[in-house]
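This report covers surface character and charged side-chain contacts in one chain. Please look over the structure before reading on.

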Amino acid sequence: MKQSILRSRPLCALWFIWFAAIGQAAEYSVGALADAADTITLEQAVRLTLERNPELVIANQETKALEGLTQQAGLIRNPQLNLESEDIGADRGLGRERFTTVRLSQVFELGGKRQARVIAGTLAQEVASQEAEAKRLELLGRVSNAYIEVLMGQRRLELANEGMQLASMVVDTARKRVQAGKVPPVEETKARIAAASAEIEFKQAERELVAARKRLALLWRDDVPQFIKALGSLETMVALPDLDTAIHNAQLNPLLLRSQKFREQREAMLELEKKRRIPDVQLSAGYRRFSQSDDNAAVLGVSIPIPVFDRNQGNVQAAYERLQQSEAEATSVDLRIKSEISSVYESLQAAQMESETLRTTILPAAKDAFQVARRGYELGRFGFLEVLDAQRTLFQNQILYLRALGNYQKLVNELERLMATPLPDRLAAVQE
């Protein structure tokens, strides 16, 4: 039951994030899928892409690299071992004595610098994690849109095939009427030209479908698609939330979360630069060996920089300006996402209305007009031009409906990407 639902409502890759997160996704063997299936579902395409696409590898590796930098930021500095020997080869007659000093020194960071570095590094890691999540959402949207292109290509090929069959039927009718002496032979010639045009349209649809299948397969690095048919329907409609709800849900968008984390990271960097104004203390301890008198002595030392000229004021100013920059960036991202949601929302409403009008009004009328024209031509009531015009009108409106459906589904994907959450009724469909 669950798999049939997935196949009948496959047109949003973004619900897969939620579906996998609650642990209810069906288990698939990616390796077996790549080798065996003649058909593919959107969920399978998503799984393959998430496992194999190199863009996600790049984003995840950056996050892991920052994990290492955070670990490094929390380490204590290594101590130093110094060995000194003075007056080697000096003339002892002058009262100078050779001595050797062994000293161990350690720098002690004051003001909480190490903890501040760890906090800044952890926040940088969280920024990279949100960037990786944004890349994942963007990639899921691309998979879903490429999958829609395949479904559109399959449907267009079906329509082109139906057009060829209808054109062939018109040719047969024209030939019979010519043989009966009811119309001149030129009408059969026109019918054959129309049939040839329908065949060209079919070949073009074939080429476009091949290209769409290859674009989809390349997302998981398959040069040659291993599937023949993509399963799914383009005619699934969704209930849109109100605009305010959509904008509120956009607070989960990783781009927005990334800008917020980036601002926090800049705050941590400013705090770190302020703490760096506090000088560190270097303590040293050791012993000195006097070779002539055979005596030993303890050696202690303290080293403290005096912040007279360099008080790290330039780095503090730079960190402050970058904090202001990050705050402006967070505001800009928030406004951009809200603007995009508003634009997509209006486009979705228009696309839904267009699809519904084509489905309920225009297409039925175009089909009826073609059937009437073809039947009338068989009975000698209409000429061939009327049949050809009705056939072209039907095909053009079928293509318009197909494009409207594809545009609608892509807009749904975009809205869900901006909200970073699936629409409610799609969640319900997955839960069934």
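In this predicted model, a nonpolar patch on the surface is formed by Phe108, Leu110, Ile278, Leu283, Val302 and Ile304. Together these residues have about 520 Å² of accessible area. One of them, Val302, is found in strand S6, which spans residues 295–303. Val302 has a relative accessible area of 60% and is therefore exposed, the cut-off for that class being over 50%.

**Salt bridges**

The count of salt bridges comes to 30. Among them are the three pairs in the table, given with the N to O separation.

| Pair | Closest N and O atoms |
|---|---|
| Arg77 and Asp280 | 3.7 Å |
| Lys135 and Glu138 | 3.4 Å |
| Glu208 and Arg156 | 2.3 Å |

The salt bridge between Arg77 and Asp280 links distant parts of the chain, with the two positions 203 residues apart in numbering. Arg77 lies in the loop between helix H5 (54–73) and strand S2 (80–86), while Asp280 lies in the loop between helix H9 (254–275) and strand S5 (281–290). Arg77 is partly exposed at 42% relative accessibility. Asp280, at 15%, counts as buried, because the class takes residues under 20%.

The pair Lys135 and Glu138 is set within one element: both residues lie in helix H6 (residues 113–179). They are three residues apart, about one turn of the helix. Lys135 is partly exposed, with a relative accessible area of 27%, and Glu138 is also partly exposed, at 28%.

Helix H6 also holds Arg156, whose salt-bridge partner Glu208 lies in helix H7 (residues 186–218). The pair therefore ties together parts that are 52 residues apart in sequence. Is each partner buried, or partly exposed? Arg156 counts as buried at 14% relative accessibility, whereas Glu208 is partly exposed at 36%.

**A shared network**

Which residues are joined into one network by salt bridges that share partners? The members are Arg77, Glu109, Lys113, Arg117 and Asp280. The network thus takes in Arg77 and Asp280, the pair whose closest N and O atoms are 3.7 Å apart.

Technical notes
Residues are numbered from 1 along each chain as its sequence is written. This is a predicted model: local features need pLDDT of at least 70, side-chain atom pairs count only at pLDDT 80 or more; totals for chains, interfaces and linings use all residues. Side-chain values use heavy atoms; hydrogens and water are left out. Patches are made of residues with over 30% relative accessible area and no salt bridge: like charges are joined within 9 Å, nonpolar side chains (Val, Leu, Ile, Met, Phe, Trp, Tyr) within 5 Å. Accessible areas come from the Shrake-Rupley method with a 1.4 Å probe; for residues, only the protein chains shown count as cover. A salt bridge is a side-chain nitrogen of Lys or Arg within 4 Å of a carboxyl oxygen of Asp or Glu. Helices (H or I, at least four residues) and strands (E, at least two) are DSSP runs, numbered from the N terminus. Buried means under 20% relative accessible area, exposed over 50%, partly exposed in between (1.4 Å probe, protein chains only).
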